[in-house]
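I opened this notebook to keep a record of what I looked up in the structure, one entry per topic. I start at a single residue and work outwards from there.

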Amino acid sequence: MVNLGDVFPNFKANTTVGEIQFHDWLGDSWGILFSHPADYTPVCTTELGRAAQLVPDFSKRGVKMLALSCNDLNSHQGWIKDIQAYSELNGSFPYPIISDENRDLAVQLGMIDPMEKDKDGLPLTCRAVFIIGPDKKLKLSMLYPATTGRNFDELLRVVDSLQLTAEKRVATPADWKAGGECMVLPSVKQEDISELFPKGVRTHPLPSKKNYLRFTPQP
Ligand code: BEZ
């Protein structure tokens, strides 16, 4: 398993655009690696289609997308046509799909879902998401079971939070969206507030009288 803050493995993989070495492929970008149980399955088709529709939004944020499922490249190429038809996308498919036929990568990255098996009884990959920074370190991971499709707008939202909080001394509260109020980090001392947050800070009063709920406009 890769933990938050670990350097993500620099794996080599066969993809629909040829062989890649992960760190070289990532370059100076952020990256999202997301896995799927299998090609030609309904939820996965909606997910890859939605991800493809949102590629311009991820690109604007400097994020590259990379999908993985355990079928072979021929299967991926055929399935891509279905995904594009369903999602009403034209032209070349906008991100590579890894073929991890022998599940080496799925095992290495902890993506296997022992509850889901293919027709030969081999375990399938779950719906894993890894967000990797330009420093090649893991910034966020999520694991969903096969029966629950992910929300790709949520991935855009968390990228906005990750990129903001990598630069500024704030955290983002529940249901935050880009442009919304942020929270001053607990580690910021009260005496440093005016210098660090020129837009101002409001402290929400609490029964404990502790001044830890400190909101500030998005820096
Ligand atoms: C799906 O993508 O629809 C799916 C795949 C495996 C198990 C359940 C659902």
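**Entry: serine 75.** I began with serine 75 and found its place in helix α4, which covers residues 73-87. The model is a predicted one, and I keep that in mind in every entry. I then asked myself whether serine 75 is buried or exposed. Serine 75 turns out to be partly exposed, because 17 other C-beta atoms lie within 10 Å, while a buried residue would need 20 or more. I also looked up its distance to tyrosine 40, and the two are 35 residues apart in sequence but 8.4 Å apart in space, C-alpha to C-alpha.

**Entry: the chain as a whole.** I stepped back to the chain and counted 7 helices and 13 strands in it. The C-alpha atoms fill a box of roughly 60 × 35 × 30 Å, taken along the principal axes. Of the 219 residues, 26% count as buried. I looked at contacts as well: among those with a separation of 6 or more, residues 24 or more positions apart account for 62%. The domain assignment gives domain 1 as residues 6-150 and domain 2 as residues 168-217, and I noted that 36 Å separate the centres of domain 1 and domain 2, taken over C-alpha atoms.

**Entry: the ligand and cysteine 44.** Which residues stand around the ligand? I listed Pro37, Ala38, Thr41, Pro42, Val43, Cys44, Glu116, Ala146 and Thr147. By character this shell divides into 6 nonpolar residues, 2 polar ones and 1 charged one. Helix α2, residues 42-53, gives the most to the shell, with 3 residues.

I stayed with cysteine 44, which lies in helix α2, since the UniProt record, an unreviewed entry, places the feature "active site" at Cys44. Cysteine 44 counts as buried because it has 21 C-beta neighbours inside 10 Å, where 20 or more are needed. Leaving aside the neighbours within four places in sequence, I found cysteine 44 in contact with His36, Pro37 and Ala38; Pro37 and Ala38 are also listed among the residues around the ligand.

**Entry: strand β8 and its partners.** Why does β8 come out as largely enclosed by the rest of the structure? I found that 5 of its 6 residues are buried, and therefore the strand is described in that way. On pairing, I noted that strand β3, residues 30-35, is joined to β8 by 4 bridges and that the two run antiparallel. One pair I looked up across them is phenylalanine 34, whose bridge partner in β8 is valine 129. Strand β8 is also joined to β9, here by 6 bridges and again in the antiparallel sense, and phenylalanine 130 stands opposite serine 141 in β9.

**Entry: lysine 136.** Between β8 (127-132) and β9 (138-144) runs a loop, and lysine 136 has its place there. The hairpin of these two strands has 5 residues between them, and in it lysine 136 takes a positive phi near 70°, although lysine 136 is not a glycine. I looked up the surroundings too: lysine 136 counts as partly exposed, because it has 15 C-beta neighbours inside 10 Å.

**Entry: the sheet of β10 to β13.** I next followed an open sheet of 4 strands, whose order is β10-β11-β13-β12 and whose pairing is antiparallel. Which strands are the edge strands? They are β10 (170-171) and β12 (202-203), since each pairs on one side only. Strand β12 is joined by 2 bridges to strand β13, residues 214-216, and the bridge partner of threonine 203 in β13 is arginine 214.

The loop between β12 and β13 holds lysine 209, and here I found a phi near 65°, a positive value in a residue other than glycine. Lysine 209 is exposed, because 6 other C-beta atoms lie within 10 Å, and 12 or fewer is the limit for that class.

**Entry: the hairpin of β1 and β2.** I closed with strand β1 (residues 12-15) and strand β2 (residues 18-21), which pair in the antiparallel sense over 4 bridges. A hairpin joins β1 to β2 through 2 residues, and threonine 15 has glycine 18 as its bridge partner in β2.

Methods
Residues are numbered from 1 along each chain as its sequence is written. This is a predicted model: local features need pLDDT of at least 70, side-chain atom pairs count only at pLDDT 80 or more; totals for chains, interfaces and linings use all residues. Two strands pair if DSSP finds at least two bridges between them. A residue is near a molecule or strand if its C-beta atom, placed from the backbone, lies within 6 Å of it. Ala, Val, Leu, Ile, Met, Phe, Trp, Tyr, Cys and Pro count as nonpolar, Asp, Glu, Lys and Arg as charged, and the others, Gly among them, as polar. UniProt positions are given in the numbering used here, feature names are shortened, and annotations may be inferred rather than shown by experiment. Two residues are in contact if their C-beta atoms, placed from the backbone, lie within 7 Å. Domain bounds come from an automatic or database domain assignment.
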